[in-house]
Amino acid sequence: MVLDANVKRLNGEKSHIFRVMNLKEVSIGEKLYEQGVQIRRDYLFNGIENPNQYLQDPWEKRSIHVVVERDALVLGVGRLTYDEDGNGIVSQMVVKPQFRGKNVGCMILEHLVKLCVFNSSEKIYMSARESAIGFYEKLGFNTIGAKFASPKTGIVHVSMVLGL
């Protein structure tokens with residue numbers, strides 16, 4: 001739980017309004033899960049022909065889905081899958097643009113990392129969009145290999161890893 005403070009002026013005086021942001025693991029079919037899928041569709045696969053083939057990929061049902069919500073509205077989402085060696089794979093993580101820089105992405109990633117630690121994973125892998133590399137590097141991830149165009153979207157990505 002994180003408090004999000006909004007400052008408003010009431011009768012010329014500052015008034016702080018605190019709204020709680022909650023991180024939740026959600027199951028397929030729940031309302032918050034469906035909102036998360038819509039955010040992934042809108043911000044990761046917008047303009048892609050047949051985005052459901054990527055949203056409902058073979059990993060979807062065996063992944064752990066995490067959302068950050070405030071007032072029952074999803075602000076960001078992430079997905080964690082374990083590979084055959086028990087290492088974590090973070091995928092389809094996105095925060096709505098108006099909530100970026102407000103700790104939402106950190107909340108999601110911190111929870112996914114903790115799950116991997118509890119699972120005794122040795123590493124966490126991901127393919128990050130070029131625009132998000134700095135965010136993940138600040139949180140300890142390192143790039144591995146050269147940048148590449150995603151076969152799904154054509155957007156430039158780079159593989160990243162975090163050793164645990």
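Ile39 has its place in helix α1, and in this predicted model the residue is buried, with a relative accessible area of 4%. Leaving out residues up to four places away in sequence, Ile39 touches Leu44, Val74, Val77, Val94 and Lys96. One of these partners, Lys96, is 57 residues away from Ile39 in sequence, yet the two C-alpha atoms are 7.2 Å apart in space.

**Overall architecture**

The protein is built from four helices and eight strands, which follow one another along the sequence in the pattern β-β-α-α-β-β-β-α-β-α-β-β. Of its 164 residues, 41% count as buried, and the protein exposes about 9,400 Å², of which carbon and sulfur atoms supply 50%. Among contacts between residues at least 6 apart in sequence, 54% join residues at least 24 apart.

**Arg40, Glu60 and the salt bridges**

Arg40, like Ile39, has its place in helix α1, and Arg40 is buried too, with a relative accessible area of 1%. When residues up to four places away in sequence are not counted, Arg40 touches Tyr33, Phe45, Leu55, Glu60, His65, Val77, Arg79, Gln92 and Val94. Val77 and Val94 therefore appear among the residues touched by Ile39 and also among those touched by Arg40.

Side chains of opposite charge can pair when their charged atoms come close. The structure holds six salt bridges, and three of them are set out below with the separation of N and O.

| Pair | N to O distance | Separation in sequence |
|---|---|---|
| Glu60 and Arg40 | 2.8 Å | 20 residues |
| Arg79 and Glu60 | 2.6 Å | 19 residues |
| Glu130 and Lys147 | 2.8 Å | 17 residues |

What does the salt bridge between Glu60 and Arg40 tie together? The side chains of Glu60 and Arg40 meet at 2.8 Å, N to O; Glu60 lies in the loop between α2 (52-55) and β3 (64-70) and Arg40 in helix α1, so the pair ties together parts that are 20 residues apart in sequence. Glu60 also meets the side chain of Arg79 in a salt bridge, at 2.6 Å, N to O. Because Arg79 lies in strand β4 (residues 73-82) and Glu60 in the loop between α2 and β3, this pair ties together parts that are 19 residues apart in sequence.

The residues of these two pairs are buried: Arg79 has a relative accessible area of 1%, Glu60 has one of 0%, and Arg40 has one of 1%. Together with Asp57, the residues Arg40, Glu60 and Arg79 are linked in a network of salt bridges.

Glu130 forms a salt bridge with Lys147, in which the closest N and O atoms are 2.8 Å apart. This pair links distant parts of the chain, with Glu130 in the loop between β6 and α4 and Lys147 in strand β7, 17 residues apart. Whereas Glu60 is buried, Glu130 is partly exposed, with a relative accessible area of 38%.

**Ile144 in strand β7**

Strand β7 (residues 142-149) also contains Ile144, which counts as partly exposed at 36% relative accessibility. Leaving aside neighbours within four places in sequence, Ile144 is in contact with Tyr125, Val158, Ser159, Met160 and Val161. Ile144 and Val161 are 17 residues apart in sequence, and their C-alpha atoms are 7.0 Å apart in space.

**The largest pocket**

Rolling a probe the size of a water molecule over the atoms shows where empty space is left. The largest pocket has a volume of about 930 Å³, and of the 38 residues that line it, the closest to its centre are Leu44, Met93, Ser127, Arg129 and Tyr136. Leu44 is also among the residues touched by Ile39.

Which elements each supply at least two residues of the lining of the largest pocket? They are α1 (31-44), β5 (88-95), α3 (104-118), β6 (123-129), α4 (133-138) and β8 (156-163). The largest share of this lining, seven residues, comes from β5. By residue type, the lining divides into 21 nonpolar, 11 polar and six charged residues.

How values were computed. Residues numbered from 1 in each chain as written. Predicted model: local features only at pLDDT ≥ 70, side-chain atom pairs only at ≥ 80, totals over all residues. Heavy atoms only, no water. Buried < 20%, exposed > 50% of the residue type's maximum accessible area, 1.4 Å probe, protein only. Contact = heavy atoms within 4.5 Å. 1 Å grid on protein atoms, 1.4 Å probe; cavity = no way out; pocket = protein on both sides within 12 Å on 5 of 7 lines; lining within 4 Å. Points joined across faces, edges and corners; volume = space filled by probe spheres on them. Nonpolar A, V, L, I, M, F, W, Y, C, P; charged D, E, K, R; others polar. Areas by Shrake-Rupley, 256 points an atom, 1.4 Å probe, with all protein chains shown as cover. Salt bridge = Lys/Arg side-chain N within 4 Å of Asp/Glu carboxyl O.
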